Amino acid sequence: MLLAAGYTGAEPLIDPLCGSGTIAIEAALLARRRAPGLTRRFAFQRWPGHDAGNYQEVQAHARESELALAPAAIVASDADAGAIEAARENAARAGVAGDLRIEQVALRDAHPPPGAGLIATNPPYGVRVHADLPRLYADLGELARRSGYRIAALVPDRRPAGRSEVAWERAIRTRNGGLNVELLLAR
Ligand SMILES: C[S@@+](CC[C@H](N)C(=O)[O-])C[C@H]1O[C@@H](n2cnc3c(N)ncnc32)[C@H](O)[C@@H]1O
């Protein structure tokens, strides 16, 4: 999602509906240039011809190339106290707690850092929240207009997204949590 939105870590990012913090944490890992899979083991490490010494050098080089801190601000906010607690725990476990500003705040009061940046988010969906969706998408569009940020939103149904009053373009189709979703982008 972040790569499809053109995020490199050089611009500020906010997820104002952050839930457990997945998107902001991934953003911090990308911004820090953390090599994917750096801490996991791979099946090839058990191959007879595997050169363990060479692989350790590759891993060491990847670690040395990592930035100590994300170069631009990353904000994760949510109205729900439980979500914020989970996001804090997950960020600490991923080793990026120092890269994120995590705060309990409603979407309409979210305050992105100054400068052009990216709102990257996965708005709520489902029958339970259906009545609130038009308001929520209107608030999302308003946040983009007052901050000057572009938006990347992962949505299962693009109809309520029209309430944002931004020019959405579909970047990719994929599946999330067992649902067909699309990534919408707007600048
Ligand atoms: C689909 S979840 C986001 C999941 C998230 N990407 C993750 O990795 O866990 C949507 C989130 O939006 C939050 N939310 C819903 N309405 C909100 C509002 N008006 N202001 C702030 N957060 C809101 C919910 O608390 C929920 O955590």
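These questions and answers cover the ligand site and the nonpolar cores of a predicted model. Local features need pLDDT of at least 70 and side-chain atom pairs count only at pLDDT 80 or more, while totals for chains, interfaces and linings use all residues. Residues are numbered from 1 along each chain as its sequence is written, and side-chain values use heavy atoms, with hydrogens and water left out.

Colleague: How many residues surround the ligand?

Modeller: A residue is near the ligand if one of its heavy atoms lies within 4 Å of it. Ser 20, Thr 22, Asp 78, Ala 79 and Leu 107 are the closest. The shell totals 16 residues.

Colleague: Which residue has a backbone N or O atom 3.2 Å from a nitrogen atom of the ligand?

Modeller: Polar contacts here are pairs of N or O atoms within 3.5 Å. Ser 20 places a polar side-chain atom 2.7 Å from a ligand oxygen, and a side-chain N or O atom of Asp 78 is 2.7 Å from an oxygen atom of the ligand. The backbone contact to the ligand nitrogen comes from Ala 79.

Colleague: Which element gives the most to the largest nonpolar core?

Modeller: Such a core is a set of buried (under 20% relative accessible area, 1.4 Å probe, protein chains only) Ala, Val, Leu, Ile, Met, Phe, Trp, Tyr and Cys residues joined through side-chain atoms within 4.5 Å. The largest has 27 residues, and Leu 13 is among those with the most contacts inside it. Elements supplying at least two residues include strand S2 (74-78) and helix H3 (81-93). With 7 residues, the top contributor is H1.

Methods:
Polar contact = N/O pair within 3.5 Å; in protein donor to acceptor, adjacent residues only side chain to side chain. Buried < 20%, exposed > 50% of the residue type's maximum accessible area, 1.4 Å probe, protein only. Helix = DSSP H or I, 4+ residues; strand = E, 2+ residues; numbered from the N terminus.
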